[in-house]
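Reader: Could you take me through one part of this model up close? I'd like to hear how the helices of one chain are put together, and then what the protein does with the DNA strands around it.

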Number of protein chains: 2
Amino acid sequence: MGTTQLETVPEPKYWHLKTVLSEALDSEFAVGEILPNERELAARFGVARATLRQALEQLELEGRLQRRRGVGTAVAPPRVGVDVGSESGPRSWPGAPGDAWHTEDHEQAPAPAAVARLLDTGAGTPVHAVRRSRTTGDQQVAAEILYVPADVVPALPAGQDPADSMAQRAARARAVLRELHRLDLQGQDRTVELGSARAEDARRLDRLPGAPVLVVTTRYIADGRTAAVSVATYRADTCRLSFSDADALPLAG
Amino acid sequence: MGTTQLETVPEPKYWHLKTVLSEALDSEFAVGEILPNERELAARFGVARATLRQALEQLELEGRLQRRRGVGTAVAPPRVGVDVGSESGPRSWPGAPGDAWHTEDHEQAPAPAAVARLLDTGAGTPVHAVRRSRTTGDQQVAAEILYVPADVVPALPAGQDPADSMAQRAARARAVLRELHRLDLQGQDRTVELGSARAEDARRLDRLPGAPVLVVTTRYIADGRTAAVSVATYRADTCRLSFSDADALPLAG
DNA sequence: GAGTGGTCTAGACCACCTG
DNA sequence: AGGTGGTCTAGACCACTCT
């Protein structure tokens with residue numbers, strides 16, 4: 001009977017569903033509007049709820065939808081562009097005046113293995129860990145931990161007393177940044193990769209653990225060595241990282 | 001009876017599974033080694049296959065595993081760092097000598113709406129679409145389409161004959177790039193965001209449709225306007241995008 | 001308490017790869 | 001042909017948010 005169906009590649013249902021939903025979002029829904037619930041949508045399209053969810057997951061990954069347990073599934077606004085670079089301009093230390101971050105916390109602890117590798121030191125080297133966060137408008141978009149080896153910025157007098165206040169910890173964090181600014185920044189390099197939010201990051205970003213994040217790792221070079229390492233996790237669903245040129249035209253749209 | 005369980009947040013099974021598997025990968029498996037199949041693993045951990053798959057999906061997203069239908073689930077090598085920037089160095093046009101891309105195909109067509117917006121032209125403006133791909137070693141890591149408006153590089157004499165050979169089409173693509181190089185590049189800006197592979201990209205990247213990709217969008221500025229737009233999709237599972245400084249030390253690890 | 005999305009199960013069948 | 005991962009189903013229960 002020969003080859004009856006030539007190149008008939010049956011599209012998975014969830015893939016087709018995603019396309020249909022995507023078009024419906026463009027034409028029939030406004031940003032912020034709540035969709036019918038999953039059971040209802042699944043019934044309407046004649047598929048199992050799990051199949052519908054597979055389509056919704058993809059759309060959420062692409063930043064088209066935003067789902068919240070106990071609330072519903074809403075049409076997401078377009079991704080916000082967050083400046084990450086000014087790559088062509090002069091480099092500057094984190095915490096320089098006017099940067100977009102809010103300094104929140106500080107502690108001293110041994111460096112995690114992955115960080116120690118980036119710092120070219122042995123695992124467990126004592127480091128400062130400075131926590132910062134970044135918002136655009138009312139939305140939390142990124143959480144960062146900045147690691148500074150204790151032999152770059154010496155340990156601070158304030159003790160490790162776990163009972164010290166948030167304000168004290170934040171003040172110590174700012175003090176570490178001030179010390180860092182005394183050094184001469186020679187260069188930096190930066191990588192971007194996909195990750196999934198660990199429990200702590202998820203909490204800070206108002207997402208569930210495992211949510212997709214863009215991990216931006218920056219090494220700051222001073223005195224011919226790696227003087228600090230920053231690991232920043234951005235919400236992948238809501239963010240578009242922007243490495244703009246100072247000379248370039250503003251991005252449309 | 002009061003609050004019997006204080007802050008007992010039951011960890012989802014798949015999340016715990018992921019942690020256990022992740023540790024097993026570090027200690028008990030070599031890169032490239034094939035894991036037991038999903039039904040076997042699910043039985044061994046006493047969970048449904050769907051639950052196990054949720055854990056495997058996360059690990060694949062993080063670049064720890066590589067799954068292939070009909071073959072099995074293997075331990076993935078560490079992500080490869082792919083240079084995307086030399087951001088601090090002089091900017092250069094795509095296709096400049098020594099760049100990492102292979103020029104493959106060319107066609108002329110109306111610009112998709114999203115591209116037209118970036119080009120600051122109306123939708124449907126005729127553009128050249130140059131397709132390029134990038135490999136590291138034997139692995140396909142990225143697929144790109146470069147859009148150049150027809151009023152920046154004029155239409156090429158070679159006809160739209162759909163029967164022209166691959167070699168002819170590649171030659172036309174290179175011709176477009178050559179014309180582009182005659183312009184004075186004033187600047188560029190670049191964004192990175194998470195996307196999912198469309199059917200064509202998935203094929204070129206040897207992945208299933210919907211696979212997570214890092215979408216790098218670059219606008220090239222010349223003569224005070226956007227002279228070209230590149231949309232490059234990198235495999236998010238295997239790639240770490242690197243924006244290295246020329247001055248910086250080489251990245252360890 | 002009612003309604004939402006998140007997790008989990010135990011099955012089935014399909015598309016793909018390899019011997 | 002046999003084994004793999006990919007898709008899909010029809011349920012169940014849980015965690016969360018709102019009123």
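Author: In this predicted model, helix α1(B) passes α3(B) in a right-handed crossing. Here α1 covers residues 13-28 of chain B, and the two helices pack at an angle of about 55° with their axes 8 Å apart. α1(B) and α3(B) are therefore oblique to each other. On the α1(B) side, the residues that do the touching are Lys13(B), Tyr14(B), Trp15(B), Leu17(B), Lys18(B), Leu21(B) and Ser22(B). Facing them from α3(B) are Thr51(B), Leu52(B), Gln54(B), Ala55(B), Leu56(B), Gln58(B) and Leu59(B). Sort that contact by class and you get eight nonpolar residues, four polar ones and two charged ones.

Now look at what else α3(B) packs against. Helix α2 of chain B, residues 38-45, meets α3(B), residues 49-61, at an angle of about 105°, with the axes 9 Å apart. Since 65 to 115 degrees counts as roughly perpendicular, that makes α2(B) roughly perpendicular to α3(B). α2(B) brings Glu38(B), Arg39(B), Leu41(B) and Ala42(B) to this contact, while α3(B) brings Arg49(B), Leu52(B), Arg53(B) and Leu56(B). The split here is four nonpolar, four charged and no polar residues. Leu52(B) and Leu56(B) turn up in the contact with α2(B), and they are also listed in the contact with α1(B).

On to the DNA, where α3(B) comes up again. Strand C has 27 residues around it, and the closest are Asn37(A), Arg49(A), Lys13(B), Ala48(B) and Thr51(B). Of the strand C atoms that come within 4 Å of the protein, sugar and phosphate account for 68%. Thr51(B), a residue of the α1(B)–α3(B) contact, has a side-chain N or O atom 2.4 Å from a phosphate oxygen of strand C. Arg67(A) also goes to the backbone, with a polar side-chain atom 3.4 Å from a phosphate oxygen. Arg49(A) goes for a base instead: an N or O atom of its side chain is 2.8 Å from a base nitrogen of strand C. Two or more residues of the surface near strand C come from each of α2, α3, β1 and β2 of chain A, and from each of α1 and α3 of chain B. α3(B) has the largest share, with four residues. By class, that surface holds nine nonpolar, seven polar and 11 charged residues.

Then there's strand D. 27 residues surround it, and Lys13(A), Ala48(A), Thr51(A), Asn37(B) and Arg49(B) are the closest. Sugar or phosphate makes up 67% of the strand D atoms within 4 Å of the protein, and bases make up the rest. Chain B has several polar side-chain atoms by the phosphate oxygens of strand D: Asn37(B) at 2.7 Å, Arg53(B) at 2.9 Å and Thr73(B) at 3.2 Å. Arg53(B) is one of the α3(B) residues that contact α2(B). At least two residues of the surface near strand D come from each of α1 and α3 of chain A, and from each of α2, α3, β1 and β2 of chain B. This time α3(A) supplies the largest share, four residues. As for class, the surface near strand D has nine nonpolar, seven polar and 11 charged residues.

Technical notes:
Residues are numbered from 1 along each chain as its sequence is written. Chains are lettered from A and ligands numbered from 1 in the order in which they are written. This is a predicted model: local features need pLDDT of at least 70, side-chain atom pairs count only at pLDDT 80 or more; totals for chains, interfaces and linings use all residues. Side-chain values use heavy atoms; hydrogens and water are left out. Axes are lines fitted to C-alpha atoms, for helices over the stretch in contact, and angles run from 0 to 180 degrees between N-to-C directions. Angles under 35 degrees count as roughly parallel, over 145 as roughly antiparallel, 65 to 115 as roughly perpendicular and the rest as oblique. Contact means heavy atoms within 4.5 Å. Ala, Val, Leu, Ile, Met, Phe, Trp, Tyr, Cys and Pro count as nonpolar, Asp, Glu, Lys and Arg as charged, and the others, Gly among them, as polar. A crossing is left-handed if the near helix is turned anticlockwise from the far one by less than a right angle, and right-handed if clockwise. A residue is near a molecule or strand if one of its heavy atoms lies within 4 Å of it. A polar contact is a pair of N or O atoms within 3.5 Å; within protein, one must be able to donate a hydrogen and the other to accept it, and residues adjacent in sequence count only if both atoms are side-chain atoms.
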